[in-house]
Amino acid sequence: EVQLVESGGGLVQPGGSLRLSCAASGFTFSSSAMSWVRQAPGKGREWVSSIYSYITNTYYADSVKGRFTISTDNAKNTLYLQMNSLKSEDTAVYYCARVATMNEYDYWGQGTQVTVSS
């Protein structure tokens, strides 16, 4: 059974940092492409970042480029999202997802809430 379990969300002040984790199981993590997708209150899902670790490529939405870093630890089957210089507009539920094809995902985690507020 495929499982993706996010953690690390919380309340942080503007300018602060958080690191999200996504523990994966039930599939070959090291050969899978993974993404972070977020959904702000009252809005649709927004792609944030993807990593194709088997070809060492990473991609970021313009809104987070230079502030967020996606990475993996294949020994731990874990996906990370380091988020720095957080802004109020980063407030959302963050999901990790396995990439099935470009812009499509076949498995999702349950999400973790990130709230950026003073």
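This note goes through the core, the disulfide, one loop residue and one edge of strand pairing in a predicted model.

1. Basis. Residues are numbered from 1 along each chain as its sequence is written, and side-chain values use heavy atoms, with hydrogens and water left out. As the model is predicted, local features need pLDDT of at least 70 and side-chain atom pairs count only at pLDDT 80 or more, while totals for chains, interfaces and linings use all residues.

2. Core. The largest nonpolar core (buried Ala, Val, Leu, Ile, Met, Phe, Trp, Tyr and Cys residues joined through side-chain atoms within 4.5 Å) has 26 residues. Buried here means under 20% relative accessible area, exposed over 50%, and partly exposed in between, with a 1.4 Å probe and protein chains only. Trp-36, Phe-68, Leu-79, Leu-81, Met-83 and Tyr-94 have the most contacts inside this core. Two or more residues come from each of β3, β4, β5, β7, β8, β9 and β11; the largest share, four residues, is that of β3. Strands are DSSP runs (E, at least two residues), numbered from the N terminus. In soluble globular proteins, nonpolar side chains tend to be buried together.

3. Phe-68. Leaving aside residues up to four places away in sequence, Phe-68 is in contact (heavy atoms within 4.5 Å) with residues including Val-48, Tyr-60, Leu-81, Met-83 and Tyr-94. Polar residues are also on its list, among them Arg-38, Gln-82, Asn-84 and Asp-90.

4. Disulfide. The count is one disulfide (cysteine sulfur atoms within 2.5 Å). Cys-22 and Cys-96 form it, with their sulfur atoms 2.0 Å apart. Because Cys-22 lies in strand β3 and Cys-96 in strand β9, the pair ties together parts that are 74 residues apart in sequence. The link is right-handed, with 55° about the S-S bond, and both cysteines are buried.

5. Thr-91. This residue sits in the loop between β8 and β9 and is buried, at 18% relative accessible area. Its side chain makes polar contacts (N or O atoms within 3.5 Å, one able to donate a hydrogen and the other to accept it; residues adjacent in sequence count only if both atoms are side-chain atoms). One reaches the backbone oxygen of Ser-88 at 3.0 Å, and another the backbone nitrogen of Val-116 at 2.9 Å.

6. Strand β1. Leu-4 and Glu-6 point to one face and are buried, whereas Gln-3, Val-5 and Ser-7 point to the other and are not. Strands β1 and β3 run antiparallel, joined by five bridges; pairing requires at least two bridges found by DSSP. Val-5 has Ala-23 of β3 as its bridge partner.
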